[in-house]
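Me: I would like to go through this model step by step. Please keep the answers short and end each one on what I asked for.

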Amino acid sequence: MWYSCARCSLLEWCLRAYAAPIVVLDIDAAILQPLTVLENALDSAELGLFWRQPRRAPWLDIRAGVLVARPTANAFRFARLLRNYIEHFMQCGTPQWHLDQCALYCTLRMLQSQNDAPSIRSISEIAS
(Lines give C-alpha, C1' and ligand atoms only; values in the text may rest on other atoms or scores of the structure.)
Protein backbone atom coordinates (compact mmCIF):
# COMPACT_ATOMS: atom_id res chain seq x y z
CA MET A 1 0.00 0.00 0.00
CA TRP A 2 2.84 2.40 0.82
CA TYR A 3 4.30 2.10 -2.68
CA SER A 4 1.01 2.87 -4.40
CA CYS A 5 0.62 6.01 -2.27
CA ALA A 6 4.25 7.16 -2.22
CA ARG A 7 4.13 8.87 -5.60
CA CYS A 8 1.14 10.95 -4.46
CA SER A 9 2.65 11.61 -1.03
CA LEU A 10 5.86 12.97 -2.56
CA LEU A 11 4.20 15.14 -5.19
CA GLU A 12 4.44 18.43 -3.29
CA TRP A 13 8.11 17.83 -2.43
CA CYS A 14 8.92 17.08 -6.09
CA LEU A 15 7.04 20.15 -7.35
CA ARG A 16 8.92 22.41 -4.94
CA ALA A 17 12.32 20.74 -5.38
CA TYR A 18 12.32 20.75 -9.17
CA ALA A 19 10.10 23.81 -9.80
CA ALA A 20 8.98 22.18 -13.03
CA PRO A 21 5.99 20.15 -14.19
CA ILE A 22 5.98 16.67 -12.68
CA VAL A 23 4.65 13.57 -14.40
CA VAL A 24 3.68 10.84 -11.94
CA LEU A 25 3.53 7.31 -13.31
CA ASP A 26 2.79 3.91 -11.84
CA ILE A 27 5.46 1.26 -12.23
CA ASP A 28 3.46 -0.60 -14.87
CA ALA A 29 2.78 2.46 -17.03
CA ALA A 30 3.83 1.99 -20.64
CA ILE A 31 5.39 5.09 -22.18
CA LEU A 32 5.13 5.26 -25.95
CA GLN A 33 5.70 8.99 -26.43
CA PRO A 34 7.89 11.65 -24.83
CA LEU A 35 6.58 12.78 -21.43
CA THR A 36 6.31 16.31 -22.81
CA VAL A 37 3.18 15.11 -24.62
CA LEU A 38 1.49 14.68 -21.23
CA GLU A 39 2.81 18.01 -19.98
CA ASN A 40 1.70 19.85 -23.12
CA ALA A 41 -1.75 18.25 -22.91
CA LEU A 42 -2.42 20.32 -19.81
CA ASP A 43 -2.59 23.53 -21.85
CA SER A 44 -2.97 26.08 -19.06
CA ALA A 45 -4.41 23.68 -16.44
CA GLU A 46 -2.54 23.05 -13.20
CA LEU A 47 -3.32 19.33 -12.90
CA GLY A 48 -3.86 16.60 -15.44
CA LEU A 49 -5.85 13.62 -14.19
CA PHE A 50 -6.76 10.34 -15.81
CA TRP A 51 -10.54 9.94 -15.50
CA ARG A 52 -11.87 6.42 -15.92
CA GLN A 53 -14.63 5.92 -18.46
CA PRO A 54 -17.32 4.93 -17.88
CA ARG A 55 -17.46 6.43 -14.41
CA ARG A 56 -18.86 3.76 -12.12
CA ALA A 57 -17.66 4.28 -8.57
CA PRO A 58 -16.65 7.78 -7.42
CA TRP A 59 -13.67 6.56 -5.38
CA LEU A 60 -12.26 4.83 -8.47
CA ASP A 61 -13.05 7.56 -11.01
CA ILE A 62 -9.51 8.94 -11.01
CA ARG A 63 -6.79 6.50 -11.97
CA ALA A 64 -3.82 7.18 -9.72
CA GLY A 65 -1.27 5.68 -12.10
CA VAL A 66 -0.93 8.82 -14.22
CA LEU A 67 -0.92 12.39 -12.94
CA VAL A 68 0.64 15.60 -14.24
CA ALA A 69 1.10 18.69 -12.07
CA ARG A 70 2.50 22.16 -12.64
CA PRO A 71 4.32 23.98 -9.80
CA THR A 72 1.61 26.48 -8.88
CA ALA A 73 0.21 27.56 -5.52
CA ASN A 74 -3.01 25.65 -6.19
CA ALA A 75 -1.13 22.50 -7.14
CA PHE A 76 1.07 22.78 -4.02
CA ARG A 77 -2.04 23.04 -1.83
CA PHE A 78 -3.70 20.12 -3.60
CA ALA A 79 -0.55 18.00 -3.20
CA ARG A 80 -0.22 18.90 0.50
CA LEU A 81 -3.84 17.96 1.20
CA LEU A 82 -3.41 14.79 -0.84
CA ARG A 83 -0.41 13.82 1.30
CA ASN A 84 -2.30 14.64 4.51
CA TYR A 85 -5.24 12.47 3.44
CA ILE A 86 -2.95 9.53 2.68
CA GLU A 87 -0.92 9.93 5.87
CA HIS A 88 -4.06 10.07 7.99
CA PHE A 89 -5.36 6.76 6.68
CA MET A 90 -1.93 5.13 6.70
CA GLN A 91 -1.56 6.04 10.38
CA CYS A 92 -4.96 4.51 11.19
CA GLY A 93 -3.24 1.15 10.77
CA THR A 94 -5.59 -0.38 8.24
CA PRO A 95 -5.05 1.35 4.90
CA GLN A 96 -7.49 0.15 2.28
CA TRP A 97 -6.74 -0.84 -1.28
CA HIS A 98 -7.13 2.10 -3.70
CA LEU A 99 -6.20 4.61 -0.99
CA ASP A 100 -4.29 6.65 -3.58
CA GLN A 101 -7.31 6.86 -5.89
CA CYS A 102 -9.66 7.68 -3.01
CA ALA A 103 -7.26 10.39 -1.85
CA LEU A 104 -7.15 11.98 -5.32
CA TYR A 105 -10.93 11.90 -5.66
CA CYS A 106 -11.77 13.12 -2.15
CA THR A 107 -9.13 15.85 -2.10
CA LEU A 108 -10.26 17.17 -5.47
CA ARG A 109 -13.98 17.06 -4.56
CA MET A 110 -13.36 18.81 -1.23
CA LEU A 111 -11.45 21.63 -2.92
CA GLN A 112 -14.09 21.88 -5.65
CA SER A 113 -16.85 22.15 -3.05
CA GLN A 114 -14.98 25.12 -1.56
CA ASN A 115 -14.34 26.67 -5.00
CA ASP A 116 -10.64 26.35 -4.26
CA ALA A 117 -9.53 23.56 -6.59
CA PRO A 118 -6.66 23.77 -9.05
CA SER A 119 -7.66 23.90 -12.69
CA ILE A 120 -7.99 20.35 -14.03
CA ARG A 121 -7.58 18.86 -17.48
CA SER A 122 -8.49 15.30 -18.36
CA ILE A 123 -5.52 13.45 -19.83
CA SER A 124 -7.45 10.21 -20.31
CA GLU A 125 -7.24 10.24 -24.11
CA ILE A 126 -3.55 11.08 -24.18
CA ALA A 127 -2.44 8.70 -21.42
CA SER A 128 -4.34 5.63 -22.62
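Me: How many of the eight residues of β3 are buried?

Reply: This is a predicted model, and the count is taken from it. A residue is buried when its relative accessible area is under 20%. The rest of the structure largely encloses β3, because the number of its eight residues that pass this test is seven.

Me: Which strands are at the edges of the open sheet?

Reply: The sheet has four strands with mixed pairing, in the order β1-β3-β2-β4. From one strand to the next, the twist averages 25°. An edge strand pairs on one side only, and this holds for β1 and β4.

Me: In which sense do β1 and β3 pair?

Reply: Four bridges link β1 and β3. One residue to look at is I22, whose bridge partner in β3 is A69. The sense of the pairing between β1 and β3 is antiparallel.

Me: How many bridges join β2 to β3?

Reply: β2 and β3 run antiparallel. L47 stands opposite A69 in β3, and G48 has V68 in β3 as its bridge partner. The number of bridges joining β2 to β3 is five.

Me: Which residues have the most contacts inside the largest nonpolar core?

Reply: This core has 25 residues. Helices α1, α2, α4 and α5 and strands β1, β2 and β3 each supply at least two of them. Apart from it lies another core, of seven residues, with A41, L42, V66 and I123 among them. Inside the largest core, the residues with the most contacts are L11 and L104.

Me: Leaving aside neighbours within four places in sequence, what is L11 in contact with?

Reply: Contact here means heavy atoms within 4.5 Å. With the neighbours within four places in sequence left aside, the contacts of L11 are I22, V24, L67, A69 and A79.

Me: Which residues of α1 are buried?

Reply: α1 is mostly covered, with six of its eight residues buried. Those buried residues pack against α2, β1, β3, α4 and α5. By name, they are S4, C5, A6, R7, C8 and S9.

Me: How far apart are the end C-alpha atoms of α5?

Reply: α5 has 15 residues, and at 1.5 Å a residue it should span 21 Å. The expected span is 1.5 Å times one less than the number of residues, which is why 15 residues give that value. The distance between the end C-alpha atoms agrees with it, at 21 Å.

Me: At about what angle does α5 run to β3?

Reply: α5 lies across β2, β3 and β4. Its buried residues include L99, L104 and L111, and what covers the buried residues of α5 includes α1, β2, β3, α4 and β4. Just after the helix, N115 takes a positive phi of about 55°. The angle at which α5 runs to β3 is about 60°.

Me: Why is C14 not bonded to C8?

Reply: A disulfide is a covalent bond between the sulfur atoms of two cysteines. Such a pair must have its sulfur atoms within 2.5 Å. The closest cysteine sulfur to that of C14 is in C8, so the bond is ruled out by a distance of 11 Å.

Me: Is C106 buried, exposed or partly exposed?

Reply: C106 is in no disulfide, and the nearest cysteine sulfur, that of C102, is 6.0 Å away. A search of the whole structure finds zero disulfides. C106 has a relative accessible area of 32%, which means that it is partly exposed.

Definitions and conventions
Residues numbered from 1 in each chain as written. Predicted model: local features only at pLDDT ≥ 70, side-chain atom pairs only at ≥ 80, totals over all residues. Heavy atoms only, no water. Core = buried A, V, L, I, M, F, W, Y, C linked by side-chain atoms within 4.5 Å. Buried < 20%, exposed > 50% of the residue type's maximum accessible area, 1.4 Å probe, protein only. Helix = DSSP H or I, 4+ residues; strand = E, 2+ residues; numbered from the N terminus. Pairing = 2+ DSSP bridges. Axes fitted to C-alpha atoms, helices over the stretch in contact; angles between N-to-C directions.
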